[in-house]
Amino acid sequence: MHLSAVNIGHNIEDQLKGRDMLTLLDYTNEEIAYLLHKALLMKKETLSGKMPPILPGKTLGMIFEKHSTRTRISFEVGMVQLGGHAMFMNARDLQIGRGESIHDTGKVLSEYLDGVMIRANSHGAVEELAKHSSIPIINGLTDLFHPCQALADLLTMVEVKGSIFGKRLAYVGDGNNVAHSLVIGAANMGMHIAVATPVGFEFNQKLFTLAQKIAIANGGSVIQTYDPVEAVENADVVYTDVWTSMGQEEEAAHRLEAFKDFQINDKLVSHAKNDYMFLHCLPAHREEEVATSVIDGPNSYVFQQAGNRLHAQKAVLATVLK
């Protein structure tokens with residue numbers, strides 16, 4: 001779907017108001033395209049100094065069970081730029097960290113806040129929080145999904161490639177939460193996606209089947225392979241993530257061995273298109289999942305991608321909290 005074809009009237013904005021952002025599976029292709037379109041407009045306004053404070057008096061609570069750089073800073077800055085306020089809350093400092101139920105926590109936070117962004121260990125816990133809250137809940141990362149990252153990824157692709165319908169995306173690495181949301185988002189945009197993982201580190205199969213159906217419905221496709229060369233062949237976009245995520249440190253040695261042939265390096269990207277773009281959600285472990293020559297090379301857009309977390313999330317905040 002080309003973003004210029006998005007209906008930017010009030011119908012989509014109205015149906016998004018007050019919605020949770022737990023996974024992109026809950027959003028249609030038109031709704032995702034609308035958020036990307038809004039993010040592009042808001043980024044232009046912000047960089048020109050013309051972004052109006054459209055969320056005055058609104059407060060976003062931010063609950064963190066995991067460490068964060070990009071998620072915390074981008075959401076906090078985003079709320080400030082929109083005229084609102086963001087409140088950092090370490091989960092250990094809340095009563096939920098001492099055994100208060102998620103049910104009670106959701107009810108209480110709904111009395112104080114206009115929305116909650118939560119970066120959590122368990123996706124099920126975030127779903128339960130949303131169930132018992134009367135305010136929008138935004139998933140800042142769980143073990144299963146990272147939807148805000150995927151929106152920033154798609155936004156960066158659109159900025160660099162224009163229409164991404166029919167473009168080829170290669171994801172090489174761990175079939176993790178980042179991969180899940182990226183593939184679901186790209187499938188909604190009609191991209192042709194190849195996911196390459198080592199044996200034993202595959203993409204969640206239930207989600208893979210759903211992504212295939214979404215892609216086919218939108219003119220795209222999704223394949224799974226154990227061969228990174230096959231995935232990267234003729235790719236417009238090459239994407240990877242760390243091989244060992246937070247909470248997997250005890251598996252580091254095993255993962256280094258399992259992923260050793262999946263590094264994004266000059267030899268591998270030689271199979272992609274000459275004007276391919278390299279993306280990584282960061283933080284990166286240079287000379288592990290990606291060679292320094294690639295991440296610092298002319299085809300790398302990782303810092304533009306990181307910056308777009310701010311603008312993609314502002315589009316979500318301005319829509320669901322408004």
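User: What makes the four-stranded sheet open, and in which order do its 4 strands stand?

Analyst: In this predicted model, the 4 strands are arranged as S2-S1-S3-S4, with parallel pairing, and the sheet they form is open. Strand S2 (85–90) and strand S4 (137–141) are the edges: each has a single partner strand, so one side of each lacks a neighbour in the sheet. From one strand to the next, the twist averages 20°.

User: How do you know that strand S1 and strand S3 pair?

Analyst: Pairing requires at least two bridges between two strands. Strand S1 (residues 59–64) and strand S3 (residues 115–119) share 5 bridges in the parallel sense, so the criterion of at least two is met. One of the residues involved is Leu60, whose bridge partner in S3 is Gly115.

User: Which partners does strand S8 have, and how many bridges support each pairing?

Analyst: Strand S5 (residues 168–172) pairs with S8 in the parallel sense over 3 bridges, and S8 is joined to S9 by 4 bridges, again in parallel. Both counts satisfy the requirement of at least two bridges, so both are pairings. Within S8, Val238 stands opposite Ala170, while Tyr239 has Leu279 of S9 as its bridge partner.

User: Which way do the side chains of S8 point, and are they buried or exposed?

Analyst: Val237 and Tyr239 point one way from S8, Val238 and Thr240 point the other way, and all are buried. In a regular strand, side chains alternate between the two faces of the sheet.

User: Why is the protein called as compact as a globular protein of its length?

Analyst: The protein contains 13 helices and 9 strands. Its radius of gyration is 19 Å, and the globule rule gives 20 Å for 322 residues; the two values are close, so the protein is as compact as a globular protein of that length. The C-alpha trace spans about 55 × 45 × 35 Å along its principal axes.

User: What share of the protein is buried, and what share of its contacts joins residues at least 24 apart?

Analyst: Of the 322 residues, 56% are buried, the cut-off being under 20% relative accessible area. Counting contacts between residues at least 6 apart in sequence, 75% join residues at least 24 apart. The protein exposes about 13,500 Å², of which carbon and sulfur atoms supply 52%.

User: What makes the peptide bond from Leu282 to Pro283 cis?

Analyst: Its omega is near 0°, and the bond is accordingly classed as cis. Pro283 belongs to the loop between strand S9 (277–280) and helix H12 (292–295). Most peptide bonds are trans, and most residues other than glycine have a negative phi.

User: Which phi values do Leu141 and Asn234 have, and where are these residues found?

Analyst: Both values are positive in residues other than glycine: phi is near 150° for Leu141 and near 65° for Asn234. Leu141 is in strand S4, whereas Asn234 lies in the loop between helix H9 (228–232) and strand S8 (237–240).

User: Why is Leu141 assigned one accessibility class and Asn234 another?

Analyst: The relative accessibility of Leu141 is 8%, which falls under 20%, so Leu141 counts as buried. For Asn234 the relative accessible area is 41%; this lies between the cut-offs of 20% and 50%, so Asn234 is partly exposed.

User: How do you know that Cys148 is in no disulfide?

Analyst: A search of the whole structure finds 0 disulfides. For Cys148, the nearest cysteine sulfur is that of Cys281, 13 Å away. A disulfide requires two cysteine sulfur atoms within 2.5 Å, so this separation is too far for a bond. Cys148 has a relative accessible area of 1% and is buried; Cys281, at 6% relative accessibility, also counts as buried.

User: Why is Met51 called buried, and which residues does Met51 touch?

Analyst: Met51 lies in the loop between helix H2 (29–47) and S1. Its relative accessible area of 16% is under 20%, so Met51 is buried. Leaving aside residues up to four places away in sequence, Met51 touches Met42, Glu45, Thr46, Gln81, Leu82 and Lys314. Met51 and Leu82 are 31 residues apart in sequence, with a C-alpha to C-alpha distance of 7.6 Å.

Methods: Residues are numbered from 1 along each chain as its sequence is written. This is a predicted model: local features need pLDDT of at least 70, side-chain atom pairs count only at pLDDT 80 or more; totals for chains, interfaces and linings use all residues. Side-chain values use heavy atoms; hydrogens and water are left out. Axes are lines fitted to C-alpha atoms, for helices over the stretch in contact, and angles run from 0 to 180 degrees between N-to-C directions. The radius of gyration is taken over C-alpha atoms; the globule rule is 2.2 Å times the number of residues to the power 0.38. Buried means under 20% relative accessible area, exposed over 50%, partly exposed in between (1.4 Å probe, protein chains only). Contact means heavy atoms within 4.5 Å. Accessible areas come from the Shrake-Rupley method with a 1.4 Å probe; for residues, only the protein chains shown count as cover.
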